[in-house]
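Biologist: Please take one part of this model and look at it closely. I would like to see what lies around that part, and how its neighbours are arranged.

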Amino acid sequence: MNGISKTLNDMTLVERSSLLDTVADALEATAEEAEGEGDTRFVANSICVANTIRGLSGDLTPRDLRAAELLLEQGIMLVHQFSNRTKPRGVIH
């Protein structure tokens with residue numbers, strides 16, 4: 001990664017939207033993988049967070065930045081947890 005990291009407050013609207021879309025895309029991709037493994041709880045949680053992020057990204061005002069930060073943190077942690085977990089042996093409910 002080149003350059004200095006920016007906070008959401010320092011980003012342009014286009015940069016914010018891009019970041020939100022990237023995290024939502026990652027959540028949806030891992031939800032698809034989890035669905036193939038039968039992890040229905042992870043699928044539901046990931047899709048809910050992804051949809052909330054997408055809903056927020058269209059109308060992100062300065063007062064919504066803290067909510068966006070929290071959603072991004074949750075989304076990134078879900079993707080991280082999924083990629084670092086042990087694989088389930090059967091269908092997970």
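Modeller: A residue counts as buried when its relative accessible area is under 20%. L8 has 6% relative accessibility, so L8 is buried. Keep in mind that this is a predicted model. I will start at L8 and follow the chain into helix α1, the part I have chosen.

L8 sits in the segment before α1. Leave out residues up to four places away in sequence, and L8 touches R16, L19, L65, A68, E69 and L72. Two of these, R16 and L19, fall within the span of α1, residues 13–37. L65, A68, E69 and L72 fall within α3, which covers 65–84. Take L8 and E69: they are 61 residues apart in sequence, yet their C-alpha atoms are 7.4 Å apart in space.

Now the helix itself. α1 has 25 residues, and at 1.5 Å a residue it should span 36 Å. Its end C-alpha atoms are 36 Å apart, so the expected and modelled spans agree. After α1 comes G38, with a positive phi near 85 degrees.

Which residues of α1 are buried? They are R16, L20, V23, A24, L27, T30, A31 and A34. Many steps in a list of this kind can be read against helix geometry. An α-helix has 3.6 residues a turn, so residues three or four places apart point the same way. Their cover includes α2 (40–57) and α3 (65–84).

Take α2 as the partner. The axes of α1 and α2 come within 9 Å and cross at roughly 160 degrees. An angle over 145 degrees counts as roughly antiparallel, so α1 is roughly antiparallel to α2. The crossing is left-handed. On the α1 side, the contact is made by S17, L20, D21, V23, A24, D25, L27, E28, T30, A31, A34 and E35. They meet F42, V43, S46, I47, V49, A50, N51, I53, R54 and S57 of α2. By type, the contact has 12 nonpolar, five polar and five charged residues.

S46 is worth a stop. This serine lies in helix α2. It counts as buried because its relative accessibility is 0%. Neighbours within four places in sequence aside, S46 is in contact with L27, A31 and L78. L27 and A31 are among the buried residues of α1, while L78 is one of the α3 residues that meet α2.

That leads to the other face-off of α2. The axes of α2 and α3 come within 10 Å and cross at roughly 150 degrees. These two helices are therefore roughly antiparallel as well. α2 passes α3 in a left-handed crossing. From α2 come F42, N45, S46, V49, T52, I53 and L56; from α3 come A67, A68, L71, G75, L78 and F82. Nine of the contact residues are nonpolar, four are polar and none is charged. F42, S46, V49 and I53 are listed in this contact and also in the contact with α1.

Finally, the setting. The protein chain has three helices and zero strands, running α-α-α from the N terminus. Of its 93 residues, 31% count as buried. Among contacts between residues at least 6 apart in sequence, 65% join residues at least 24 apart.

Note on methods:
Residues are numbered from 1 along each chain as its sequence is written. This is a predicted model: local features need pLDDT of at least 70, side-chain atom pairs count only at pLDDT 80 or more; totals for chains, interfaces and linings use all residues. Side-chain values use heavy atoms; hydrogens and water are left out. Helices (H or I, at least four residues) and strands (E, at least two) are DSSP runs, numbered from the N terminus. The expected span of a helix is 1.5 Å times one less than its number of residues. Buried means under 20% relative accessible area, exposed over 50%, partly exposed in between (1.4 Å probe, protein chains only). Contact means heavy atoms within 4.5 Å. Axes are lines fitted to C-alpha atoms, for helices over the stretch in contact, and angles run from 0 to 180 degrees between N-to-C directions. Angles under 35 degrees count as roughly parallel, over 145 as roughly antiparallel, 65 to 115 as roughly perpendicular and the rest as oblique. A crossing is left-handed if the near helix is turned anticlockwise from the far one by less than a right angle, and right-handed if clockwise. Ala, Val, Leu, Ile, Met, Phe, Trp, Tyr, Cys and Pro count as nonpolar, Asp, Glu, Lys and Arg as charged, and the others, Gly among them, as polar.
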